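The exercises below ask you to work from the coordinates to the packing of helices, with each solution given step by step. Please try each task before reading its solution.

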Amino acid sequence: MEKLITMTDNLITGVEEMDKEHLELIEMINHVASLIKEGKKEEVKEFFINKFSAYIETHLKDEEKFMESIGYPELETHKKVHNI
């Protein structure tokens, strides 16, 4: 599978769980790019409805929970970005 996005040093946060989740998101985006390239529109639609949207929701909650646990000072602003 051709990769549209790769996990580069500038994407690494140093927080193991967040980095794992970010890598999973990158792999999902690459999977969707492959499906689009192959013209598999229905599979793309199903993937977004059944997998990607649920994973994004889980990831954002995990990220906010972590930020709260470390007393991240810009948490409320970051939450607003997640809600866009």
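**Exercise 1.** Compare the expected span of helix α1 with the distance between its end C-alpha atoms.

*Solution.* Helix α1 comprises residues 16-37, 22 residues in number, which at 1.5 Å a residue should span 32 Å, where the expected span is 1.5 Å times one less than the number of residues. The end C-alpha atoms of α1 are 31 Å apart, which agrees with that expectation. Helices here are DSSP runs of H or I with at least four residues, numbered from the N terminus. Following α1 comes glycine 39, with a positive phi near 75 degrees.

The model is a predicted one, in which local features need pLDDT of at least 70 and side-chain atom pairs count only at pLDDT 80 or more, whereas totals for chains, interfaces and linings use all residues. Residues are numbered from 1 along each chain as its sequence is written, and side-chain values use heavy atoms, with hydrogens and water left out.

**Exercise 2.** Describe how α1 and α2 pack, starting from the angle at which their axes cross.

*Solution.* The axes, lines fitted to C-alpha atoms over the stretch in contact, with angles running from 0 to 180 degrees between N-to-C directions, come within 11 Å for α1 and α2 and cross at roughly 165 degrees. That makes α1 roughly antiparallel to α2, a term for angles over 145 degrees. Among the residues that make the contact (heavy atoms within 4.5 Å) are Met28, Val32 and Leu35 of α1 and Phe47, Phe48 and Tyr55 of α2. By class, this contact of α1 with α2 divides into 13 nonpolar, three polar and seven charged residues, with Ala, Val, Leu, Ile, Met, Phe, Trp, Tyr, Cys and Pro counted as nonpolar, Asp, Glu, Lys and Arg as charged, and the others, Gly among them, as polar.

**Exercise 3.** Is phenylalanine 47 buried or exposed, and which residues does phenylalanine 47 touch?

*Solution.* Phenylalanine 47 lies in helix α2 and has a relative accessible area of 10%, so this residue is buried (under 20%, with exposed meaning over 50% and partly exposed in between, for a 1.4 Å probe and protein chains only). Leaving out residues up to four places away in sequence, phenylalanine 47 touches Met28, His31, Val32 and Phe52. Met28 and Val32 are also among the buried residues of α1, and what covers the buried residues of α1 includes α2.

**Exercise 4.** Characterise the packing of α2 against α3.

*Solution.* Helix α2 (residues 41-69) and helix α3 (residues 75-82) have axes 10 Å apart at an angle of about 175 degrees. That makes α2 roughly antiparallel to α3.

Notes: Helix = DSSP H or I, 4+ residues; strand = E, 2+ residues; numbered from the N terminus. Parallel < 35°, antiparallel > 145°, perpendicular 65-115°, else oblique.
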